[in-house]
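Dear colleague,

I am passing on the structure below, together with some notes on what I found in it. Please look at the picture before you read on, and keep it open while you do.

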Protein chains: 2
Amino acid sequence: MTLIDGGVCAAKGFTASGIHCGIRANRTKRDISLIYSEKNASCAAVYTTNLVKGAPLVVTKENLADGYAQAVICNSGNANTCNSNGIEIAKQMCDLVAKGLSIDPDDVVVASTGVIGQKLSIDPIKAGLPELIAQLSKDGNANAAEGIMTTDTFKKEIAVKFTVDGKECTIGGMAKGSGMIHPNMATMLVFITTDVAISPAMLQVALSSDIANTFNMVSVDGDTSTNDMVTVLANGMAGNTPITDQGEAFNEFMKALNTITVGLCRMIAGDGEGATKLLECVVTGAADLCTAKTVAKSIICSSLLKAAMFGADANWGRVLCAIGYSGADVDVNKIDVAFKSSKGTVEVCKNGAGIDFSEKKAKEVLLEKEIDILVNLNSGSFSATAWGCDLTYDYVKINGDYRT
Amino acid sequence: MTLIDGGVCAAKGFTASGIHCGIRANRTKRDISLIYSEKNASCAAVYTTNLVKGAPLVVTKENLADGYAQAVICNSGNANTCNSNGIEIAKQMCDLVAKGLSIDPDDVVVASTGVIGQKLSIDPIKAGLPELIAQLSKDGNANAAEGIMTTDTFKKEIAVKFTVDGKECTIGGMAKGSGMIHPNMATMLVFITTDVAISPAMLQVALSSDIANTFNMVSVDGDTSTNDMVTVLANGMAGNTPITDQGEAFNEFMKALNTITVGLCRMIAGDGEGATKLLECVVTGAADLCTAKTVAKSIICSSLLKAAMFGADANWGRVLCAIGYSGADVDVNKIDVAFKSSKGTVEVCKNGAGIDFSEKKAKEVLLEKEIDILVNLNSGSFSATAWGCDLTYDYVKINGDYRT
């Protein structure tokens with residue numbers, strides 16, 4: 001497997017674009033993106049579990065009932081959620097794209113991100129669509145990745161090459177996500193494209209099993225968005241024997257998909273609103289997988305620990321506290337905790353009690369940009385990883401005045 | 001019922017004190033407090049559900065097995081939690097108090113609050129205890145309330161007079177709580193004293209049923225502490241016929257207890273670490289009590305909403321978002337939302353969708369120090385209230401560097 005450039009355009013047959021159409025007042029910020037596949041593609045998706053669902057999710061779910069899609073349209077600046085005319089607008093977006101690309105409206109994935117509860121006007125989208133389609137190109141991936149950004153500080157793209165039954169295949173993706181990030185059986189907005197030939201059913205199996213260990217293990221602020229969605233389009237243009245069942249080819253695809261999703265998870269967590277650090281919590285020695293995941297996620301979600309990490313403070317008592325209230329059944333007297341970064345590892349707790357450590361060394365380790373929180377429960381062989389970020393002044397600043 | 005001064009010393013037979021004994025380096029901050037009842041008192045308690053429990057809780061629980069206590073000792077500056085010798089130190093604290101007051105060690109409630117995982121030395125406590133006992137007085141309540149403070153910015157005390165079967169009774173309390181506040185079947189440190197005559201069993205019934213609607217509905221940061229504890233001492237010196245069953249007298253006592261606990265809840269939430277605003281979320285129209293409570297607590301816990309309130313931003317979409325991911329079964333198309341303060345009420349959402357409102361008026365309402373978030377689910381007759389605070393730069397500052 002090799003990392004390559006190209007994001008959502010890396011795989012054969014995919015083009016993309018992103019422009020400013022006028023949903024946002026700021027003319028320098030692209031606010032609408034399009035991804036197009038030459039051939040109709042198998043499409044799998046997962047959605048937020050929030051009862052309040054963005055109108056685009058409802059329309060996308062209907063459109064994907066047959067397991068196929070050929071284009072993705074996504075705007076930023078307005079979530080098209082909690083509006084009386086949301087469904088109508090989302091359908092109009094699909095119709096406009098379908099007409100412009102001469103495809104079926106049912107083959108369009110539609111998504112929106114931004115403020116909730118403000119009506120989204122179709123006018124700027126209608127006016128901008130001809131240009132958005134005209135700009136579709138093999139190197140439009142960066143513009144597309146920019147068009148879906150909200151408070152994100154950098155574009156999130158990744159792609160890899162891999163091999164399935166002797167054929168070179170490619171998978172790539174882009175993501176948007178910075179705040180309101182605490183996915184539950186779905187996530188922020190993630191669009192993945194691949195030229196692998198795979199049935200819609202197996203593509204859904206692959207995605208659903210992957211996100212349980214990737215996007216569902218990311219938290220920025222504990223708030224599960226109304227508009228979370230992950231989709232994968234697989235257009236089959238790599239020419240491999242179509243994957244229609246479990247087996248070696250499916251496993252190769254799963255590995256490549258996981259590389260994309262973990263890469264995007266780390267980018268999303270590290271770019272959490274106001275974040276200065278990426279936190280990766282690795283829990284080992286758990287009696288079962290559920291315990292490992294529950295503990296890892298509880299730690300990564302603790303506001304107190306997140307603030308301590310911002311301050312490079314080795315306050316490991318907050319790690320134990322978060323394990324204790326996680327709901328997982330653990331023996332607190334067996335827990336070991338260490339902090340690790342590129343500057344080394346510092347052990348701070350053994351068997352649930354503090355041990356002597358160098359505060360100077362701990363500070364040096366914790367001042368780095370990527371921190372691993374290593375927890376060994378010493379009670380079994382299961383492990384899990386969760387990703388998050390520190391809690392900073394800028395998180396408060398960004399969210400204290402998001403609408404205005 | 002009349003509000004009076006005196007905190008934990010208001011009820012007959014109770015004295016208190018608080019001094020600096022040297023657990024903290026800062027000599028101007030009292031760090032240990034004592035409450036003493038002339039007569040052995042019925043005592044009820046609730047504790048944190050965190051699996052990691054402070055050593056003092058373990059010792060207190062043992063001591064209260066018989067339902068009686070006569071003194072409370074509590075230090076700040078060190079939580080005596082996750083230490084290899086925690087139980088030993090907590091027991092020594094009880095022994096010292098018992099010896100000094102000529103009471104049984106089993107009649108001492110012991111509590112600690114502060115940093116987790118650093119050994120607590122008995123030396124300053126041993127050295128300070130004679131003075132702590134010498135200072136016990138009827139007006140020692142304020143010093144005692146100060147001695148248990150950590151990042152609290154003000155002392156939390158309240159007391160009321162009420163009548164039970166013709167006898168004037170008094171109940172008062174003090175609390176410590178600012179961060180790591182998200183109680184679950186227990187809470188921060190709260191000590192309540194009353195001269196009502198009531199059996200230990202009925203006192204426990206009263207406390208356990210009260211906290212379900214009071215301390216368990218408060219959240220500052222979603223972190224359930226390892227050292228949460230609420231105790232009530234009732235020494236019977238008011239001379240009423242002892243309450244040993246449900247009935248009018250019990251109801252009168254419950255009302256008085258609830259006045260104390262709600263008062264302390266509001267103080268704790270309003271003094272949340274870094275808070276500039278007290279948030280009170282009132283959910284009405286729920287189909288059942290569990291739904292009302294789940295929704296109220298989910299809203300009060302949302303980091304995004306808390307940051308918006310800090311910025312006086314009427315971002316009601318975050319209220320709907322928090323309802324949607326709360327896990328409660330609600331019809332999102334029936335939800336009404338309004339913000340209220342002393343400057344008036346502004347309705348922002350009807351039937352799950354945004355309505356036109358004056359941003360100027362909303363800003364005026366939200367710039368106040370106490371904000372009510374009013375949510376009507378329009379699906380039944382149950383209601384619940386939860387208390388919290390805004391998320392501010394200072395929360396991050398306080399917790400980014402708590403230990404050092």
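Two strands are said to pair if DSSP finds at least two bridges between them; the strands themselves (E, at least two residues) and the helices (H or I, at least four residues) are DSSP runs, numbered from the N terminus. The model is a predicted one, in which local features need pLDDT of at least 70 and side-chain atom pairs count only at pLDDT 80 or more, while totals for chains, interfaces and linings use all residues. Residues are numbered from 1 along each chain as its sequence is written, and chains are lettered from A and ligands numbered from 1 in the order in which they are written.

I begin with a sheet in chain A. It is an open sheet of six strands in the order β13-β12-β11-β14-β10-β15, and its pairing is mixed. At the edges stand β13 and β15 of chain A, and because each has a single partner strand, one side of each is left without a neighbour in the sheet.

Which strands does β14(A) pair with, and in which sense? On one hand, β14(A) is joined by five bridges to β11(A) (residues 336–341), and these two run antiparallel; A:Phe339 has A:Ile373 as its bridge partner there, and A:Asp336 has A:Asn376. On the other hand, β14(A) is joined by seven bridges to β10(A), and this pair runs parallel, with A:Val283 standing opposite A:Val375. The strand β10(A) also pairs with β15(A), in the antiparallel sense and over seven bridges, and there A:Leu278 stands opposite A:Cys389.

The next point is burial, where a residue counts as buried if 20 or more other C-beta atoms lie within 10 Å of its own, as exposed if 12 or fewer do, and as partly exposed in between, with C-beta atoms placed from the backbone. In β14(A), the covered face is formed by A:Ile371, A:Ile373 and A:Val375, whereas A:Glu370, A:Asp372, A:Leu374 and A:Asn376 form the uncovered one. The edge strand β15(A) is mostly covered, with six of its eight residues buried.

Two helices of chain A are worth following in the picture, and for them I use contact to mean that the C-beta atoms of two residues, placed from the backbone, lie within 7 Å. Helix α7(A) is largely enclosed by the rest of the structure, because 11 of its 13 residues are buried; among them are A:Val295, A:Ile299 and A:Ile300. These buried residues pack against three strands, β10 (278–286), β14 (370–376) and β15 (382–389), and against the helices α8 (303–310) and α9 (317–324), all in chain A. Helix α6(A) (residues 248–270) has 23 residues and reaches 33 Å from its first C-alpha to its last. Its buried residues include A:Phe253, A:Leu257 and A:Leu264, and they pack against β6, β7, β8, α5, β10 and β15 of chain A.

As a single residue to inspect, I suggest A:Val108, which lies in strand β5 (residues 108–115) of chain A. With 26 C-beta neighbours inside 10 Å, A:Val108 counts as buried. Leaving aside neighbours within four places in sequence, its contacts include A:Asn63, A:Ile73 and A:Val97; the last of these is 11 residues away in sequence and 7.5 Å away in space, C-alpha to C-alpha.

Chain B also has an open sheet of six strands, in the order β13-β12-β11-β14-β10-β15 and with mixed pairing. Within it, β11(B) and β14(B) pair in the antiparallel sense over five bridges, and the bridge partner of B:Ala338 in β14(B) is B:Leu374.

How do the two chains meet? In this model, 52 residues of chain A are in contact with 51 residues of chain B. On the side of chain A that touches chain B, the elements giving two or more residues are α8, α9, β13 (353–354) and α11 (393–400) of chain A, and α9(A) gives the most, with six residues.

Finally, the copies were superposed by least squares on the C-alpha atoms of residues with pLDDT of at least 70 in both. A rotation of 180° with 0.0 Å of shift along its axis places chain A on chain B, with an RMSD of 0.0 Å, and the two copies are therefore related as by a two-fold rotation axis. The C-alpha of chain A nearest that axis belongs to A:Tyr393, 2.4 Å from it. The same surface serves both copies, since 98% of the contact residues of chain A recur in chain B.

With best wishes

Technical notes: The expected span of a helix is 1.5 Å times one less than its number of residues.
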